[in-house]
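Student: I would like to take a close look at a single part of this chain and then follow the contacts and charged pairs elsewhere in the model. Could you go through it carefully with me?

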Amino acid sequence: QPVEATDDAFWDQFWADTATSVQDVFALVPAAEIRAVREESPSNLATLCYKAVEKLVQGAESGCHTEKERQIVLNCCRLLTRILPYIFEDPDWRGFFWSTVPGAGRGGGDEDDENARPLAESLLLAVADLLFCPDFTVQSHRRSTVDTAEDIHSIDSCEYIWEAGVGFAHSPQPNYIHDLNRTELLKLLLTCFSEAMYLPPSSDSSNANPWVQFFCSTENRHALPLFTSLLNVVCAYDPVGYGIPYNHLLFSDYREPLVEEAAQVLIVTLDYDSSTSSSPTVDGTTTGTAMDDVDPPGPDNLFVNYLSRIHREEDFQFILKGVARLLSNPLVQTYLPNSAKKIQFHQELLVLFWKLCDFNKKFLFFVLKSSDVLDILVPILYFLNDARADQSRVGLMHIGVFILLLLSGERNFGVRLNKPYSVRVPMDIPVFTGTHADLLIIVKVQSGKVVKATLVLFPVFICLCSTVSPYLKSLSMVAANKLLHLLEAFSTTWFLFSAVQNHHLVFFLLEVFNNIIQYQFDGNSNLVYAVIRKRNVFHQLANLPTDSQSIQKGLQRKKKTPEPISRTNSQDGVSMEGSRPAAPAGFSLLNTGIDKLTEKSQVSEDGTMRSLEPESSQPPPEGNPPSAVSDGEPWSGEASHPRRDRRRLSSASSSGQWAPTPDWVMSWKSKLPLQTIMRLLQVLVPQVEKICIDKGLTDESEILKFLQHGTLVGLLPVPHPILIRKYQANSGTAMWFRTYMWGVIYLRNVDPPIWYDTDVKLFEIQRV
């Protein structure tokens, strides 16, 4: 039966109990009971939430000076963390925290305006105050007794930032009690923000998370110090500590849970769709209201605003060093097994790094300018390689490839890749001697082999290769062979004819070879040799049959032989048309085609960049091999004309499915950019054959030596302009990031299992 709100003796038993831990609260308050109360006596649940928030507000007002008050605050905090998910999962309750509680004011009419605050706002402001509460979550600056305790409303929380780093030089004395208390409050904050998990995915960015919106607004007077504290705590953390082997087994590390929680709160508060903020959209119109005529003062979300305004070199250095140190931590090799601590929150770090680069272009340029960019690249490749055999980690592969795509849009990245790769990170890849570019290609081709869903990533990866290829000075033999194996797999007739967009991969790969031959011929004898050895692949492409009978035969071959070129061993994943990644959402990035993910620009003779219209369907000038998508073919089902013509060219078969036709094959075969390679083969093949016959050579090294000293100056067609595809934000990718991020947070919070067994709508949970 309903219990009166005034019955303090009854309500106090929920939080007055002295020593509980968050685990106890989860054990003592089972899910079934919370749901029963919600259905059968909703007024009691409402009163419980209201009372718990009231206790937090009182604690924040008083400054929590006594041990008893701190205990009450922590217990209310744990209780709310337990109950909130069950309020979010029921649509009828969702508005509860955003309503004001009538007649429940403290002390009469003069505070009416204060009492009109929705419960959610009171809760968030109380948590923000408590995160800077002297002697509870921060070191007190006063040295005296309780009598002159600091008034929580008069303190300037910017003096209490948790860690030195961006905008703060003083590193406070570590205090594990404070770290524990902060962790509990941040857990509650994260639970408040998790309402997003209970709404189905939608790319409509207008439905921003109201909890995050309020918390990151000017209403929160601690927004700046809290943002700085979270960022600095994450970037200053050094898990290896004093370097004593096994020290993490001997001493409990109170910092790590705080750092994890801080990283998670940070990426959720930065969940902001930058593509909607009155920037031109893909079709060139701007989104935004009439209010945006004035130059926008930056996003309302203060966390995003502050992040985008960081600009000092030393701050960038601090952030980049911190993120690189943490990302590299799982790769650290030690002689004693398990002797060094391994962090588990690398996925959150990758999302954070992504947000930093996306919202702060100066930071992105700083990363690309510094040689430390390779300290980010190698861990990402390690994770890609590590995750490739595991269907459940496709999300990690997506974000890794995303970051590489973002970095590859800048010329500096391609240049940096030429640095020799000497640090040996434990990866099961073929042994090679070469540069970071070799590592990139080898890992990516490997990872495409295993997980079927990574086929979705192949277009992005090959697009990435094509963007950096003009700068790659010398590929190793292993990497050159990998690229040719890939081309061999993608140019089989059954693959080319089995889906409407498969031929794009061949265009991209040919662009890679053309760029290297035109711009970096001198150092790339390995690649040239590999092209000569596999010349039949190029001849087959040039002579691709276009009559209906051959097309049918090509498709038949797929049915008979599942592995046409089994020895290359690189097309296990190739035929997976239409497979969907097991990303936390049923949302595939292939829905967002390459043309939506990237924006093309050309590098002209004087080195400047000019943007290309995405839908230009005019043929390229004579003499220039057309680039892969220069005919404006979209990847996604956008309503643009070239695609409509293509539909007309390819007939729909009786079952309503797409089927290749001779006209369709002709339409793209005639544009294959083969001139450069054919010219190279025409010149070099006779010379190489002559040497072999004259000297009776069977030895590769002699031929390579000959190719190293050869030149094709004046023999090749005029070099084509370098095409750069830059990552372009859009609401589809923003939605993907939101889903991936919450999926990671859901899975990582198992102790206590905050969201376990609740009715989450943002993604599907597969019970294993």
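Student: Which helices do the buried residues of helix 13 pack against?

Tutor: This is a predicted model, and in it the buried residues of helix 13 pack against four helices, namely helix 9 (210-215), helix 10 (223-236), helix 12 (255-269) and helix 15 (346-359). Helix 13 itself runs over residues 302-309 and is mostly covered, with 6 of its 8 residues buried. Those buried positions are Leu 302, Phe 303, Val 304, Asn 305, Tyr 306 and Leu 307. At the N-terminal end of helix 13 the cap is provided by Asn 301, which places a side-chain oxygen 2.9 Å from the backbone nitrogen of Phe 303, and Phe 303 is in turn one of the buried residues of the helix.

Burial can also be followed at single residues elsewhere in the chain. Leu 185 lies in helix 8 (residues 176-193) and counts as buried because its relative accessibility is 0%, where the cut-off for that class is under 20%. Leaving aside residues up to four places away in sequence, Leu 185 touches Cys 77, Val 127, Leu 130, Leu 131, Phe 136 and Thr 137. For one of these partners, Cys 77, the separation along the chain is 108 residues, while the C-alpha atoms of Leu 185 and Cys 77 are 6.7 Å apart.

Cysteines bring up the matter of disulfides, and a search of the whole structure finds 0 of them. Cys 133 is buried, with a relative accessible area of 0%, and Cys 235 also counts as buried, at 1% relative accessibility.

Charged side chains complete the picture. Side chains of opposite charge can pair when their charged atoms come close. In this model the count comes to 26 salt bridges. One of them joins Glu 89 to Arg 35, whose closest N and O atoms are 2.7 Å apart. This pair links distant parts of the chain, since Glu 89 sits in the loop between helix 5 (67-88) and helix 6 (112-115), whereas Arg 35 belongs to helix 3 (residues 31-40), 54 residues apart. The two partners fall into separate accessibility classes: Glu 89 is buried, with a relative accessible area of 8%, but Arg 35 is partly exposed, at 27%. Both residues also belong to a network of salt bridges that links Arg 35, Arg 38, Glu 39, Glu 89 and Asp 90.

Another salt bridge is formed within a helix, between Arg 70 and Glu 67, where the closest N and O atoms are 3.8 Å apart. These two residues are separated by about one helical turn, because they stand 3 residues apart in helix 5. Here Arg 70 is buried, with a relative accessible area of 16%, while Glu 67 counts as exposed at 54% relative accessibility.

A further salt bridge is that of Glu 488 with Lys 534, with the closest N and O atoms 3.2 Å apart. This pair, too, links distant parts of the chain, as Glu 488 is in helix 22 (residues 477-490) and Lys 534 is in the loop between helix 25 (525-533) and helix 26 (535-542), 46 residues apart. In this case Glu 488 and Lys 534 are both buried.

Methods
Residues numbered from 1 in each chain as written. Predicted model: local features only at pLDDT ≥ 70, side-chain atom pairs only at ≥ 80, totals over all residues. Heavy atoms only, no water. Buried < 20%, exposed > 50% of the residue type's maximum accessible area, 1.4 Å probe, protein only. Contact = heavy atoms within 4.5 Å. Polar contact = N/O pair within 3.5 Å; in protein donor to acceptor, adjacent residues only side chain to side chain. Disulfide = S-S within 2.5 Å. Salt bridge = Lys/Arg side-chain N within 4 Å of Asp/Glu carboxyl O.
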